[in-house]
Amino acid sequence: MSEANANRMLTPADLARLQPLIAAAGVDGWLLFDFRGRNPIAAAVLGEQIVGSRRVYVLIPPHGPPTALVHAVDAELWRWWPAGWVKRVWVTREQLATELAALARGRRLAVDYSPDGAIPYLDGVPAGVAELLRGLGATLLPSADLVTRFCSVWTAEDVASHRRAAEAIATIARDALALAGAKAHSDRPMTEHELGVWVRERFDRAGLVTESGPSVSWGPNAARAHYDPTAEESAPIVPGALLLLDLWATEPNGIYADQTWMAAIGTPSERDGHLWSVVRQARDAALDLIGRRVRSGEPVTGADGDAAAKSVIRQAGHLEHTISRTGHSIDRHGLHGFGPPVDDTETHDDRRLIPGVGFSVEPGVYLPGEAGVRSEVNVVVQDRDILVTPIDYQAELLVV
């Protein structure tokens, strides 16, 4: 078996790490379900190779071999399933019902669902499948903590890769803002799109890769969610407004770093200076609360961090000008990972921020048609502290 193929499916080494987590959760197993890629958690745990055209169920018990229920049409996709593990191939719905009942009856099973649909990242099992499993006599429990601990805890190599990417991105961001400022005061200012192309070229030179972006937004465009400048629609970066630069990248097979930097093109207005101050204080309030609790050994959740940031924004009178949670999970499965986000706004995510999880902290204030301000750093929880990246993150509004 080649290394590339071995990495496409759950391995015995993965199982050795996963089963103690299942045992500690006090369940009889983690039952994973997928149908045509509907449940990304199943692909994250089992490998993307399992995504076929028919239903598949996999029970991973706290001890002993896993069992996969695989349709005959998709069986070829499972050729790397270790020989010592159980693979049952079904064709008819009656066969599937019999096999599934044998796996589920009388067992307490962790499954990928979120009660009341509260956390969509964790809601990968359709309601009908949950009804079926309960009808077969299973007791269902959310897999949320298993997802966090297995999918979203970084390794030492992950942290090292992320830190290298974060410092490279911070340098590129500062250089990009300085370049845009210099051009803004000339007779040939850059456009948002041109600056984005420049950033991507610098990523290439630094050996970084990205799935999209960066987001380059001048003045009122920074208040537009998902604004993506193109060669056809792209504002010139000229004096008199703020420039928001949101950029994210990773080393190949590494962990993403995701940052937002702000610069005033020319002397900032009193309003823009005030908005920056509010956002910076909100960011630091979240960092301070999370860091303080981690250092003291107190439990802390992403929801706690979001509430701390939003409290600052509320006191400044700008809560109505927020449009999102304060941060998202980052893990080896993507820029927006499966772990706990910094969120008490869109969801109430009460998963603990345990050692090894990473996430963004990025509060923002957005005045439609006028301005948008955001400051974003990343955090990795350690045993008794937090690591904030980049190391020298933005403290003052840059004026260029």
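Two strands are taken to pair if DSSP finds at least two bridges between them. In this predicted model, four strands joined in that way form an open sheet with the order S7-S8-S9-S16 and mixed pairing. Its edges are strand S7 (215-218) and strand S16 (398-399), each of which pairs on one side only. Strand S9 (residues 257-265) and S16 run parallel and are joined by two bridges; within S16, valine 399 stands opposite alanine 264. Helix H8 packs on this sheet, where H8 touches S7 and strand S8 (241-249), and the direction of H8 makes about 30° with that of S8.

H8 also meets a second helix. The axes of helix H7 (residues 156-184) and helix H8 (residues 192-206) come within 10 Å and cross at roughly 145°, and the crossing is right-handed. From H7, the contact is made by Ile169, Thr171, Ile172, Asp175, Ala176, Leu179 and Ala180. H8 contributes Leu195, Trp198, Val199, Arg202, Phe203 and Ala206. By class, these residues comprise ten nonpolar, one polar and two charged.

From H7 the path leads to another sheet. This open sheet of four strands has the order S10-S11-S14-S15, and its pairing is antiparallel. Strand S10 (329-330) and strand S15 (386-389) each have a single partner strand, so one side of each is left without a neighbour in the sheet. Strand S11 (residues 358-361) and strand S14 (residues 377-381) pair over four bridges in the antiparallel sense, and phenylalanine 359 stands opposite valine 379 in S14. H7 packs on the sheet by touching S14 and S15, its direction making about 30° with that of S15. Helix H9 (residues 270-296) lies across S11, S14 and S15 and runs at about 155° to S15.

The internal spaces remain to be described. A search of the whole structure finds two cavities of 30 Å³ or more. The largest cavity holds about 40 Å³ of space. Its lining consists of Lys310, Ile313, Thr322, Ile323, Ser324, Arg325, Thr326, Glu362, Pro363, Gly364 and Tyr366. Helix H10 (302-315) and strand S12 (364-367) are the elements that give two or more residues to this lining, which has four nonpolar, four polar and three charged residues.

The second largest cavity contains about 30 Å³ of space. It is lined by Thr260, Trp261, Glu376, Val377, Pro390, Tyr393 and Gln394, a set that divides into four nonpolar, two polar and one charged.

Note on methods:
Residues are numbered from 1 along each chain as its sequence is written. This is a predicted model: local features need pLDDT of at least 70, side-chain atom pairs count only at pLDDT 80 or more; totals for chains, interfaces and linings use all residues. Side-chain values use heavy atoms; hydrogens and water are left out. Axes are lines fitted to C-alpha atoms, for helices over the stretch in contact, and angles run from 0 to 180 degrees between N-to-C directions. A crossing is left-handed if the near helix is turned anticlockwise from the far one by less than a right angle, and right-handed if clockwise. Contact means heavy atoms within 4.5 Å. Ala, Val, Leu, Ile, Met, Phe, Trp, Tyr, Cys and Pro count as nonpolar, Asp, Glu, Lys and Arg as charged, and the others, Gly among them, as polar. On a 1 Å grid over the protein atoms alone, a cavity is a set of points where a 1.4 Å probe fits but cannot get out, and a pocket is an open set with protein on both sides within 12 Å along at least five of seven lines; lining residues have an atom within 4 Å of a point. Grid points are joined across faces, edges and corners, and a volume is the space filled by probe spheres set on the points.
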